[in-house]
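Biologist: I have just opened this structure. Could you walk me through some of its local features, one question at a time?

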Amino acid sequence: MKACILNAPARIETNPLQFREVAAPQPATGEVLIRVRACGVCRTDLHIVEGELPPRKSPVIPGHQVVGTVEKQGEGSQRFARGVRVGVAWLHHTDGVCEYCRRGEENLCDDPTFTGYSVDGGYAEYIVAPQDFVYAIPEGFPDEQAAPLLCAGIIGFRSLRLSGIKPGGRLGFYGFGAAAHVAIQVARHWNVTVYASTRDARHRKLALELGATWAGGTFDAPPQKLDAAIVFAPAGEIVPAALAALRKGGVLVLGGIHMSPIPSFSYDLLYQERMIRSVANNTRQDGEDFLRIAAEIPIRMHTQIYPLSEANRALNALKNDAIEGAAVLRVSE
Ligand SMILES: [Zn+2]
Ligand SMILES: [Zn+2]
């Protein structure tokens, strides 16, 4: 099969992904083989390619927003029939026995594997995944629309949940990439007022088009104090600015897997019962709940499509804020 392989992390400007022929995987017991149709491009892929996340498998095929059809069932893998359209997300497998899994917090599992990081992902024509961690994709979403729902969508949704935002509340977004693009649609569906802070003028325009009440620069104070804010941009210097925008008792959620160091700040910014919390991965329940809501709304994504062979170009564009909405690799028709 054709795939984009990362042999060793390097700056994306050096185009480190190699597009070449590799052996297709075979499904083990409990797994399915999926013929990939589309794979979303996530900022986490960029962190993996550039080595900000330490390598777990090398070489590795990135990609964890995978939509395709079941090509072959491994032994005991009858959950999805051949030909059914399914999705594979970041959480590839959990041990099911650690204290976190037993508590229903499998996103915090002590021994997880992650798609496109600790196992090969979807920048390829085929992928294998445990059937219990595979999602049915609702009808009504074209492949390239469904793919970014699987990480940008699910993580954006979990971030919204952890923010505790209520209908009619005031919510800030810092950074307006693919996750915010989805989360704003859910927030508007819940009648939440959205304030978008981002360094990029095109992203501010997009936020207003999607129903934000206000859009400003990253460090501009929103016109109202916020009940909650979500930082999607991986820049630690945003944290004090976002805290300063919160009302007393407000919640700040950090939605990324990686962030540059957070500068020290005055305790006054945190005092009055403001809270900061991170988001780590997602549970399968988050995924199922989000996909159901996404179909109800229905979520619409701006996408920029690239052929599989041009994954480096897509990641370069992502790094340079040149993607409106989500970048998606078209792998097969
Ligand atoms: Zn576990
Ligand atoms: Zn992701």
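Modeller: Gladly, with one term before we start: helices (H or I, at least four residues) and strands (E, at least two) are DSSP runs, numbered from the N terminus. This is a predicted model, in which local features need pLDDT of at least 70, side-chain atom pairs count only at pLDDT 80 or more, totals for chains, interfaces and linings use all residues, and side-chain values use heavy atoms, without hydrogens or water. Residues are numbered from 1 along each chain as its sequence is written, while chains are lettered from A and ligands numbered from 1 in the order written.

Biologist: Let's begin with N15. Between which two strands does the loop with N15 lie?

Modeller: N15 has a positive phi, near 50°, and is a residue other than glycine. To place N15, look at residues 2–6 and then at residues 17–21, which are both strands. The loop that holds N15 lies between them, so to speak from β1 to β2.

Biologist: Is N15 buried, exposed or partly exposed?

Modeller: The classes are set by relative accessible area (under 20% is buried, over 50% exposed, and in between partly exposed; 1.4 Å probe, protein chains only). N15 has a relative accessibility of 42%. Because that value falls in the middle class, N15 is partly exposed.

Biologist: Now for N281. In the loop between which elements is N281 placed?

Modeller: Phi of N281 is positive too, near 60°, in a residue other than glycine. The loop with N281 has a strand, residues 275–278, on one side and a helix on the other. The two elements are β15 and α8.

Biologist: What is the relative accessible area of N281?

Modeller: N281 belongs to the buried class. The value that puts N281 there is 14%.

Biologist: Next, the prolines. What is omega for the peptide bond from S58 to P59?

Modeller: P59 sits in the loop between α1 and β4, the latter being residues 66–73. The bond from S58 to P59 is cis. Its omega is near -5°.

Biologist: Which residue comes before P298 in a cis peptide bond?

Modeller: You will find P298 in the loop between α8 (residues 284–296) and β16 (residues 303–307). Omega of the cis bond that leads to P298 is near -20°. The residue before P298 in that bond is I297.

Biologist: Let's turn to a helix. Which residues of α6 are buried?

Modeller: Helix α6 runs over residues 201–209. Its buried residues are H203, L206 and A207.

Biologist: Why do these three count as lying on the same side of α6, and what arc do they cover?

Modeller: The arc is that of the directions from the helix axis to the C-beta atoms. H203, L206 and A207 share a side of α6 because their arc around the axis is narrow enough for that. That arc is only 100°.

Biologist: Against which elements do the buried residues of α6 pack?

Modeller: Contact here means heavy atoms within 4.5 Å. One partner of the buried residues is a helix, and the other is the strand of residues 193–197. These partners are α5 and β11.

Biologist: And which residue with a positive phi follows α6?

Modeller: Look just after the helix for a phi near 105°. The residue that has it is G211.
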